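The paragraphs below follow the enclosed spaces and the nonpolar cores of a predicted model. Please keep the structure open while reading.

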Amino acid sequence: MFGEKFQRKYALSDQGVVTTKKGTFWTVVANLVVMMGMGILYLLMMQFMDVFTGSAELPDAAVFCLLTLGFVVLSFMVHFQQYKATYGLVYEEVKAMRLGLAERLRKLPLGFFGKRDLADLTETIMGDVNRMEHVWSHVLGYLYGSYISTAIVAVMLFVMDWRLAIACLWGVPVAFGLLFGSRRIAARNAEVTKAAGLEVSDGIQEALENIREIRATNQEQRYLDGLNAKIDEHERKMIKGELVTGLFVNGASVIMRLGVATTILAGATLILSGQVDFMTLFLFLLVITRIYAPFDQSLALIAEVFMSEVSAGRLMEIYDTPIAEGTETFAPKGHDIVFKEVGFAYDDEQVLKGVSFTAKEGEVTALVGPSGSGKSTCARLAARLWDASAGTIEVGGVDIATVDPEVLLTDYSMVFQDVTLFDDSVMANIRLGKRGASDEEVLAAAAAANCDEFVGKLPQGYDTPIGENGARLSGGERQRISIARALLKGAPIVLLDEATASLDVENETEVQEALSRLLQNKTVLVIAHRMRTVEAADKIVVLSDGKVVEEGAPASLLAEEGSVFARMRQLQLASDQWSL
Ligand code: ADP
């Protein structure tokens, strides 16, 4: 019952399974002890009946007092154990789950984060784990314990009188059947509600991230209206989900309780025909007051279990995604990057098709091509941010798919368009390039990246906090910090995404200078946007629609009659607005 399937279904750790077993055991014991109380009552009643019929003396009150007292103490102890077993350990489980998830996320290939966005993942780590926590602590042990204890009591009832037992218990399978029947509806409702909830958190996050643009373009009202609509939709879905669940749960509970009526009816009939004595019916009536109680709670809980399956599924999806693994050692011979027949698709659509080229060490290799042709994808694959789906990528003769991504990345510097800056000092932001770098090293890298001039104007120089994601800096300044980081790191491979949009002319020269210092003697793969960079490159790889259509030195490509590259250059010269 508590096998691997069970563990997956409820996203439990090994320890969690042990906890659940304990919880179940103590629930069984607790439920049986409660039934035992009914047994004492029954005995007492028997005694009195005998007294009434004159076949026995009035029993000693002290015996019953002692029995009752013993029952109270036992009941307390058992319930206390049940409480400890179900609630006590679950918080450890929650902690282990969250830490496990975080560790797992750290190792997942970046492709996964394209599928599940930030709001979605936060919701999993916080919301889904919370929902599971409730199931682990309040539901599982209780539910399974109730199944078992009721089965035991049911067997006892059948032994005593099978006809009354059927009259008493027929509603239980019917009620559960009804609930299981509604399971698919409940699961679908849970999914729909969850999706609507994610829309809301996505909307809020988006609004917060883009607050400047929203204000600047006077879109606040439109945005709020959109968000309100999403919140209303979520509310509607939630109410509908609860209503449907409520209907089924209460319906099932009512059906189960019809058992009281049928027991009385059957009992009366059987007594009249002399097949059952009154005391047996009395015992059934006593038991009936208790036997539905755990189920009543279970019915409500089972609905929660159905809903939790969506959460458990989302948790397991994270655990089931294979992590990018590889060797801890990376000893390439040189740092030539070689793409061999590389194919790749983000989803179903093939983005790269049989791409082969070499980026030599000590050279600048420029990737050019229209927007969407696969330049950024090539750069990402070169650093194993994603794994190629076909072909291989080698660095210095080593297939990078065999190297642990973290180890591999120590040989890479990336200067991308979307520089990530932390709300810390300029100094600390540059130091990210090399852990434990001395102040002198950081300052030298900063100077080489032409940061001195603008940092000098900041109120506390290099100790100035730069605001969340560098809010206080211009595009060119942010990029120079990113270059300083890369210079400090001094990795042999540099991946560069050239951004032009945010740079003014003056800044551009500063950035260019900084870059030329960074790129010396490295293997450089650049996603080129500017003609100047392209013409200065040692080699050009022209991509079109995920394929390499031309490659070679800029001069020889230009000289080639009717080459794509020559046509692109013509276009750029004509419009002066070349965007590759
Ligand atoms: P380029 O850098 O040349 O503009 P990209 O490599 O960014 O081209 O994109 C190539 C294709 O892959 C495009 O069609 C783009 O829409 C798609 N693409 C890029 N990034 C992703 C992603 N994270 N998920 C899905 N599709 C993507």
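A good place to begin is the second largest cavity, whose lining is formed by L179, S182, I185, A186, V244, T245, F248, V249, A303 and F306. Seen by element, two or more of these lining residues come from each of helix 9 (183–209), helix 11 (220–272) and helix 12 (278–320), and the biggest contribution is that of helix 11, which supplies four residues. The chemical character of this wall can be given by class, since eight of its residues are nonpolar and two are polar, while no charged residue takes part. The volume of the second largest cavity is about 60 Å³.

How many cavities of 30 Å³ or more are there in the model? The count is three, and the largest of them holds about 80 Å³ of space. Its lining consists of 13 residues, and those that lie nearest the centre of the largest cavity are G16, T19, T20, T86 and W136. Helix 2 (14–52), helix 3 (61–88), helix 4 (90–107) and helix 6 (118–160) are the elements that each give two or more residues to this lining, with helix 2 providing the largest share, namely four residues. By class, the lining of the largest cavity is made up of six nonpolar residues, six polar residues and one charged residue.

W136, one of the residues nearest the centre of the largest cavity, also leads into the packing of the protein, for it is among the residues with the most contacts inside the largest nonpolar core, together with Y10, L140, L157 and I291. This core has 64 residues, and at least two of them are supplied by each of helix 2, helix 4, helix 6, helix 7 (162–169), helix 8 (171–181), helix 11 and helix 12. The largest share of the core, 21 residues, belongs to helix 12, an element that also gives two or more residues to the lining of the second largest cavity.

Looking at the surroundings of W136 itself, and setting aside its neighbours within four places in sequence, one finds it in contact with Y10, A11, L12, T86, V90, E93, V94 and M97. Of these partners, Y10 is another of the residues with the most contacts inside the largest nonpolar core, whereas T86 is one of those nearest the centre of the largest cavity. Apart from the largest core lies another one, which has 43 residues, including V364, I483, M531 and A537.

Conventions:
Residues numbered from 1 in each chain as written. Predicted model: local features only at pLDDT ≥ 70, side-chain atom pairs only at ≥ 80, totals over all residues. Heavy atoms only, no water. 1 Å grid on protein atoms, 1.4 Å probe; cavity = no way out; pocket = protein on both sides within 12 Å on 5 of 7 lines; lining within 4 Å. Points joined across faces, edges and corners; volume = space filled by probe spheres on them. Nonpolar A, V, L, I, M, F, W, Y, C, P; charged D, E, K, R; others polar. Core = buried A, V, L, I, M, F, W, Y, C linked by side-chain atoms within 4.5 Å. Buried < 20%, exposed > 50% of the residue type's maximum accessible area, 1.4 Å probe, protein only. Contact = heavy atoms within 4.5 Å.
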